[in-house]
Amino acid sequence: MSEEKLTNKITIAIFASGAGSNTQKIIDHFRDHKTIKIGLIVCNKEGAGVLSIAKKEAISSLLIDKERFFKGDAFVSDLKQFEIDFIVLAGFLWKIPVKLIQAYTNKIINIHPALLPKYGGKGMYGNFVHEAVIASNDIESGITIHYVDELYDHGGVIFQASCIVDKSDTAATLAKKIHSLEHLHYPRIVEEVVELRNRS
Ligand code: GRF
């Protein structure tokens with residue numbers, strides 16, 4: 001886009017398709033931020049909790065379909081229209097197409113609920129991750145925030161934080177611990193990366 005932006009703020013799109021607890025934390029973090037704002041929620045699941053959050057927060061949302069995401073322009077033109085500078089994935093399960101990665105090089109990050117490279121890849125999401133950690137008798141798990149590339153859960157690691165897996169933990173109790181870690185760290189790391197990438 002050659003025209004001047006309507007806002008001076010760096011604008012983030014959050015891609016999410018679940019309940020949206022991380023999305024809510026990120027929205028809260030940037031609510032009165034001087035230089036960064038959340039401009040769009042992108043979702044692939046009708047009725048997802050995250051869409052109610054977008055409505056409640058009066059943030060625009062975009063419901064996307066597989067056909068155009070994978071075989072069309074990957075919604076790049078919409079993202080440009082919304083003046084999106086940076087993309088944050090928070091519980092978005094579709095693979096990110098090359099077209100989108102090329103349009104936002106080093107400007108897409110994801111959070112994964114395990115210590116990558118362990119427990120990553122296709123099919124490793126939500127409780128499948130926590131069940132696998134418990135089945136392996138691991139004594140720790142954690143979160144990984146990473147850049148997104150063309151492979152699932154593969155791009156450069158930005159940040160990791162860990163927690164203890166107790167003998168008594170179930171997938172549900174471990175999920176709770178992981179969510180707490182995510183809520184604690186993701187908004188702050190998003191801010192750091194967005195500011196860094198905006199300078200480079
Ligand atoms: C998080 O656990 C995140 O690690 C994973 O998807 C989950 C999203 O949870 N990628 P929520 O919708 O933000 O509550």
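**Exercise 1.** What volume does the largest pocket have?

*Solution.* Keep in mind that we're working with a predicted model.
- Start with the number: the largest pocket comes out at about 810 Å³.
- Next, find its middle. Of the 40 residues lining this pocket, Gly91, Phe92, Leu93, Tyr125 and Gly126 sit closest to the centre.
- Then sort the lining by class: 17 residues are nonpolar, 16 polar and 7 charged.
- Finally, check the elements. At least two lining residues each come from α1, β5 (108-112), α6 (126-135) and α7 (171-199), and α7 gives the largest share, with 4 residues.

**Exercise 2.** Work out which residues are closest to the centre of the second largest pocket.

*Solution.*
- The second largest pocket holds about 190 Å³ of space.
- Of its 14 lining residues, the ones closest to the centre are Ile84, Asp85, Phe86, Tyr104 and Lys107.
- Split by class, that lining has 7 nonpolar, 1 polar and 6 charged residues.
- Helix α7 supplies the largest share here, 3 residues.

**Exercise 3.** Why is strand β2 largely enclosed by the rest of the structure?

*Solution.*
- Count first: β2 spans residues 36-43, and 7 of its 8 residues are buried, so the rest of the structure largely encloses it.
- Now look at one partner. Strand β1 (residues 10-15) pairs with β2 in the parallel sense over 6 bridges, with Ala13 opposite Leu40 of β2. The chain gets from β1 to β2 through helix α1 (residues 21-30), in a right-handed β-α-β crossover.
- Then take β3 (residues 61-63), which pairs with β2 in the parallel sense over 3 bridges; Cys43 has Leu63 in β3 as its bridge partner. Helix α2 (residues 49-56) carries the chain from β2 to β3, and this β-α-β crossover is right-handed.

Technical notes. Residues numbered from 1 in each chain as written. Predicted model: local features only at pLDDT ≥ 70, side-chain atom pairs only at ≥ 80, totals over all residues. Heavy atoms only, no water. Pairing = 2+ DSSP bridges. Right-handed = clockwise from strand over helix to strand, strands pointing away. 1 Å grid on protein atoms, 1.4 Å probe; cavity = no way out; pocket = protein on both sides within 12 Å on 5 of 7 lines; lining within 4 Å. Points joined across faces, edges and corners; volume = space filled by probe spheres on them. Nonpolar A, V, L, I, M, F, W, Y, C, P; charged D, E, K, R; others polar.
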